[in-house]
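This report describes a single protein chain for a reader who has not met it before. Please look over the sequence and the structure shown below before reading on.

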Amino acid sequence: MKKIGIIYTRQDCHLCHELYAEIATMYADSVDLNTKDIDEDIELKKRYGLTIPVLTIDNIEIQTRPLDHNHIRKILKS
């Protein structure tokens, strides 16, 4: 069963686009990947502000700078 991945982003965020491409390529078999524009939700905008992109897998935040592949693999195994 695939895990649910969300990348919190905003329009024209090149780092967000790069992260999406990397996750979509490397973990396509394990993660259903979606995006959520933080500018559409005031609470998300307050929470994430300038820290985007933020990646969550099954509601667990993953460090994205640098991308924590070890953490991703642990979540995917659980």
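The text below goes through strand pairing, two residues of one strand, and the salt bridges.

The structure is a predicted model.

**Strands and their pairing**

Strand β1 covers residues 3-9. Strands β1 and β3 run antiparallel and are joined by four bridges. Within this pairing, isoleucine 7 has leucine 55 of β3 as its bridge partner. Strand β3 also pairs with β4, again in the antiparallel sense, over three bridges. Here threonine 56 is matched with glutamate 61 in β4.

Strands β3 and β4 form a hairpin, and two residues lie between them. Aspartate 58 sits in the turn of this hairpin and has a positive phi of about 50 degrees. The side chains of β3 point in two directions: Val54 and Thr56 go one way, Leu55 and Ile57 the other. The four residues are all buried.

**Two residues of β1**

Threonine 9 belongs to strand β1. Is threonine 9 buried or exposed? Threonine 9 counts as buried because its relative accessible area is 10%, and buried means under 20%. Setting aside residues up to four places away in sequence, threonine 9 touches Cys16, Thr35, Lys36, Asp37, Ile38 and Ile52.

Lysine 3 is also found in strand β1. Its relative accessible area is 13%, so lysine 3 is buried too. Beyond its neighbours within four places in sequence, lysine 3 is in contact with Ser30, Val31, Asp32, Ile57, Asp58, Ile75, Leu76 and Ser78. One of these residues, serine 78, places its backbone oxygen 2.8 Å from a polar atom of the lysine 3 side chain.

**Salt bridges**

Side chains of opposite charge can pair when their charged atoms come close. How many salt bridges does the model contain? The count comes to six. Three of them are described here, beginning with the pair formed by lysine 3 and aspartate 58. This pair links distant parts of the chain, with lysine 3 in strand β1 and aspartate 58 in the loop between β3 (54-57) and β4 (60-62). Lysine 3 is buried at 13%, whereas aspartate 58 is partly exposed at 34% relative accessibility.

A second salt bridge is formed by aspartate 39 and arginine 10. Distant parts of the chain are linked here as well: aspartate 39 is in the loop between β2 (31-37) and α2 (42-48), and arginine 10 is in the loop between β1 and α1 (14-26). Aspartate 39 is partly exposed, with a relative accessibility of 38%. Arg10 and Asp39 are also linked with Lys45 in a network of salt bridges.

In a further salt bridge, the side chains of glutamate 61 and arginine 47 meet. Glutamate 61 lies in strand β4 and arginine 47 in helix α2, so this pair too links distant parts of the chain. Glutamate 61 is partly exposed, at 37% relative accessible area, while arginine 47 is exposed, at 57%.

The table gives the separation of each pair in space and along the chain.

| Salt bridge | Closest N and O atoms | Separation in sequence |
|---|---|---|
| Lysine 3 and aspartate 58 | 3.7 Å | 55 residues |
| Aspartate 39 and arginine 10 | 2.7 Å | 29 residues |
| Glutamate 61 and arginine 47 | 3.0 Å | 14 residues |

Methods. Residues are numbered from 1 along each chain as its sequence is written. This is a predicted model: local features need pLDDT of at least 70, side-chain atom pairs count only at pLDDT 80 or more; totals for chains, interfaces and linings use all residues. Side-chain values use heavy atoms; hydrogens and water are left out. Buried means under 20% relative accessible area, exposed over 50%, partly exposed in between (1.4 Å probe, protein chains only). Contact means heavy atoms within 4.5 Å. A polar contact is a pair of N or O atoms within 3.5 Å; within protein, one must be able to donate a hydrogen and the other to accept it, and residues adjacent in sequence count only if both atoms are side-chain atoms. A salt bridge is a side-chain nitrogen of Lys or Arg within 4 Å of a carboxyl oxygen of Asp or Glu. Two strands pair if DSSP finds at least two bridges between them.
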